[in-house]
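This report looks at aromatic rings and at the charges placed over them. Please have the sequence and the model open while reading.

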Amino acid sequence: MCYAMGNGLKDFSQCFIASFLMFPFGRRLPCDIYWHGVSFHDNDILSGQVNKFPGMTEMVRKITLSRALRIMQNLFPEEYNFYPRSWILPEEFQLFVAQVRMVKDGDPSWKPTFIVKPDGGCQGDGIYLIKDPNDIRLTGTLQSRPAVVQEYIYKPLLIDKLKFDIRLYVLLKSLDPLEIYIAKDGLSRFCTEPYQEPNPQNLHHVFMHLTNYSLNIHSGKFIHSDSASTGSKRTFSSILCRLSSKGVDIKKVWSDIISLVIKTVIALTPELKVFYQSDIPTGRPGPTCFQLSPGVFENIPSLVDEEVKVAVIRDTLRLMDPLKKKKETQSQHPEKPVTGKEDQDCELTGDPDSNPEAHLPSICLKQVFPKYAKQFNYLRLVDRMANLFIRFLGIKGTMKLGPTGFRTFIRNCKLSSSSLSMAAVDILYIDITRRWNSMTLDQRDSGMCLQAFVEAFFFLAQRKFKMLPLHEQVASLIDLCEYHLSLLDEKRLVCGRRRRPQSSPPQEMNTRTQSAAGSLAPRMIGANKLSHSRHALS
């Protein structure tokens, strides 16, 4: 088995020298697993597995992530209340100013602080706090550097009087079917100046308010420590031990973390599916993808980093091992037992090469999806909308829906009526598409992006099912669309069979069509009330 590694993990090579070959400038021969660079497009890869999903770099930008989570907040306000109130600038600057003024007028005692995060920033670059929406820095940089502004949590949990964060590693092993793993340990990065509630005198104290390692490493109070439970960077497990000693329910903490991770990934997967089909269209050669987030930095500054990161990367490779997958497939479909002398010798001698993982620790990555799929599948409405969107894209490799594709969607799903003419459909398409195209930086091709399609879908759902909550309106319209499209698919299948010489008798096919239609009909009845388990995750 061959692994190809680019520059992205150069300081980890000591740990994987037995299994990794380094190709900083690319490799001509195919490999099983490629681990490289910043984005999926670093190299042209036509086979194997690559540690990047197309579009992930774009999706974790702050504006794109905020838009994806805002859609989910509109559908499921309670489930997505973990994401703070946010505004996208510059397009929502006037809305931001007006809403803050309105809340202050209603509650003069409210004295909020806001945190401004540049869209493409990382490692704390360009982040700052403000008290007044009209702050000169805010208005002065908006056009050159779009940003997300959020309400600042002014009373965070402190340890040793210091603000800290939690950096957990999540493996997206597969997009379809969705498969998510969470590392059992992570990192906590600490500020280096004791925390005080924001005021005009300390707003600029980055060592007090921002936990980024890349900033605090320059503080004279940064504590380098090889202990997992002390210093300015610690393991998350040491933080949990500290909280447990104060009576915090750690099982509840993990349950909430798992829920937050799954909900966030569910918000991202619809757009990722669109990127995926664009870069790796069905029927064309291409790799399968996986991704570990957040990314692992190029260096390991401490033993604490090494303890967590090396285990995460090692076990990611173990989970993605193509030879292991092949063995699992063979075990599920056993053939004639092998009785060759070679295999008998391996069993008798206990040759460790026959099981290369025999001496490795247990896997540090825990599967959370599909393990908890029953509790969260009801949230995947936008995912189903993305499937409809992709179906009508037409041209392989495109990411935007043209006017003909949108009209075909309306016709095939039987959504036009006396109150919604095709002329009105065209106007709806033009208005929404024009507005979204003016907001997005991606001008690679014209047409309706997925988020514009979702807005149009919301509009259609609210017109058709007026008396229901939004998530039920949307679920009902999705059911209706899927029902009509399944009938259309069955009809095409029957027509295809009729054209073949060996096709079934017409009477038999009609019976089968009626049976299929009958089994699908209940799906469009009622509002398809949502129900889900709210049991704690273990």
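## A cluster of rings

Phe389, Phe392, Phe406, Phe409, Tyr429, Phe453 and Phe457 are joined into a cluster by ring pairs. Rings of Phe, Tyr and Trp (its six-membered ring) count as a pair if their centres lie within 6.5 Å; planes under 30 degrees apart are called stacked, over 60 edge-to-face, and the rest tilted. Searching the whole structure gives 17 aromatic pairs.

## Pairs around Phe114

One aromatic pair is formed by Phe96 and Phe114, edge-to-face, with 5.1 Å from centre to centre and 90° between the planes. Phe96 belongs to helix 3 (residues 93-106) and Phe114 to strand 6 (residues 114-118), so this pair ties together parts that are 18 residues apart in sequence. Helices (H or I, at least four residues) and strands (E, at least two) are DSSP runs numbered from the N terminus.

Both Phe96 and Phe114 are buried, a word that stands for under 20% relative accessible area, with exposed over 50% and partly exposed in between (1.4 Å probe, protein chains only). The rings of Trp110 and Phe114 also form an edge-to-face pair, because their centres are 6.4 Å apart and their planes at 85°. Trp110 counts as buried because its relative accessibility is 18%, and the relative accessible area of Phe114 is 0%.

## Charges over rings

The charged end of Lys233 sits over the ring of Tyr213, 4.0 Å from the ring centre. Likewise, the charged end of Arg234 sits over the ring of Phe190, 4.0 Å from that ring's centre. A charge sits over a ring if NZ of Lys or CZ of Arg is within 6 Å of the ring centre and within 35 degrees of the ring normal.

## About the model

This is a predicted model, in which local features need pLDDT of at least 70 and side-chain atom pairs count only at pLDDT 80 or more, while totals for chains, interfaces and linings use all residues. Residues are numbered from 1 along each chain as its sequence is written, and side-chain values use heavy atoms, leaving out hydrogens and water.
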